[in-house]
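Here's a quick briefing to read alongside the model. Have the structure open and follow along by topic.

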Amino acid sequence: SWGWGNPQGPVIKLQDPSNNAWTTGLTSAFNAPERSALYSACFNIADLDRPIMTFSSFTHLGTGDGVVVEYSTDNLNVADEDKVWITLGSINQGLSTGVFWYNGVSLPTKPGKDETGYGWTGKDTQWRESKHSLANIPAADRDKVTFRFTIASAASEAGLDGFAVDNVRIGNGTRTVLIENFTNTASTDPNMKIVGDSVKGFVNSSTAGLELVKINYHVGFPGS
């Protein structure tokens, strides 16, 4: 039920009526139960130093329904059942690997080919921006990367809009995070050492200076 246009469903709408988005049902509820996917073009991201995927989305799904982002780097056609699709990112105990990246786990509809049970689910009231690094895609495979948004739903609720996506961007990350930490090596407070060690090991050398900068201050107070 994917369509390109200005969504005018009961819930999912664009503020600007002259803009378009991809959505499951442009003017009415989507076709639950549904298992389908929206495919991207094939990208060559080999020259990107900090590859990242960002997009805006609006979720309006029933309980247990979900949407995931998958990627593939093989040479098979997207219609080939043997094509390998890998779920991008994960979520564990409420902590996801990206910015607003999935909010559901153990979804019974298991969206995606590898059926991780992750996905965006529930009923949003506004558009949200999601971001995820593509650094885990092997460097040797980055010359041919295809993405897809995969939806899986049951017929549990009627009259829902489904899922919409807009402003998809594949490119370099443009932000650097700064972490500042204050410590005193003379302090006997065990919590100070725990915090200091955590910050010290927070990022590895391959990303230091690119995605995150750490500044550690060694101060003379509160003293021993």
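Which helix and strands each supply at least two residues of the lining of the second largest pocket? They are strand E12 (177-183), helix H1 (190-200) and strand E13. Keep in mind that this is a predicted model. Beyond the pocket, the points below cover a surface patch, the salt bridges and a few buried residues.

**The second largest pocket**

- The volume of the second largest pocket comes to about 260 Å³.
- Its lining is made up of 14 residues, and Thr183, Thr185, Lys193, Gly196 and Asp197 are the ones that lie nearest the centre.
- Helix H1 is the top contributor to that lining, giving five residues.

**A nonpolar patch on the surface**

- Leu178, Val213 and Ile215 make up a nonpolar surface patch, and together they have about 220 Å² of accessible area.
- Val213 belongs to strand E13, which spans residues 212-218, and E13 is also one of the elements that help line the second largest pocket.
- Val213 has a relative accessible area of 32%, so it counts as partly exposed.

**Salt bridges**

- Searching the whole structure turns up five salt bridges, and three of them are picked out here, starting with the pair Lys83 and Asp74.
- Lys83 and Asp74 meet through their side chains, at 2.6 Å from N to O.
- The two partners sit in contrasting settings: Lys83 is buried, at 2% relative accessible area, whereas Asp74 is partly exposed, at 24%.
- Asp124 pairs with Arg128, and here the closest N and O atoms are 3.1 Å apart.
- Asp124 is buried because its relative accessible area is just 8%, while Arg128 is partly exposed at 28%.
- Asp143 and Lys144 also join up in a salt bridge, with an N to O distance of 3.5 Å.
- Asp143 has 41% relative accessibility, so it counts as partly exposed.

**The loop between E5 and E6**

- Thr73 sits in the loop that links strand E5 (66-72) to strand E6 (86-87).
- What does Thr73 touch, leaving aside residues up to four places away in sequence? The answer is Ile137, Asp141, Lys144 and Val145, and Lys144 is also the salt-bridge partner of Asp143.
- Why does Thr73 count as buried? Its relative accessibility is 18%, and the cut-off for buried is under 20%.
- Trp85 is found in the loop between E5 and E6 too, and this tryptophan is buried, with a relative accessible area of 5%.
- Trp85 and Phe147 are 62 residues apart along the chain, yet their C-alpha atoms are separated by 8.7 Å.
- Phe147 is also among the contacts of Trp85, once residues up to four places away in sequence are set aside.
- The other contacts of Trp85 on that count include Tyr39, Glu70, Tyr71, Ser72 and Val78, plus Lys113, Asp114, Thr146 and Arg148.

**Thr54 in strand E4**

- Is Thr54 buried or exposed? It counts as buried, at 10% relative accessibility.
- Thr54 has its place in strand E4, which covers residues 51-60.
- Setting aside residues up to four places away in sequence, Thr54 touches Ser130 and Lys131, along with Asn167, Val168 and Arg169.

Key. Residues numbered from 1 in each chain as written. Predicted model: local features only at pLDDT ≥ 70, side-chain atom pairs only at ≥ 80, totals over all residues. Heavy atoms only, no water. Helix = DSSP H or I, 4+ residues; strand = E, 2+ residues; numbered from the N terminus. Buried < 20%, exposed > 50% of the residue type's maximum accessible area, 1.4 Å probe, protein only. Contact = heavy atoms within 4.5 Å. Patch = residues over 30% accessible without salt bridge, like charges linked within 9 Å, V, L, I, M, F, W, Y side chains within 5 Å. Areas by Shrake-Rupley, 256 points an atom, 1.4 Å probe, with all protein chains shown as cover. Salt bridge = Lys/Arg side-chain N within 4 Å of Asp/Glu carboxyl O. 1 Å grid on protein atoms, 1.4 Å probe; cavity = no way out; pocket = protein on both sides within 12 Å on 5 of 7 lines; lining within 4 Å. Points joined across faces, edges and corners; volume = space filled by probe spheres on them.
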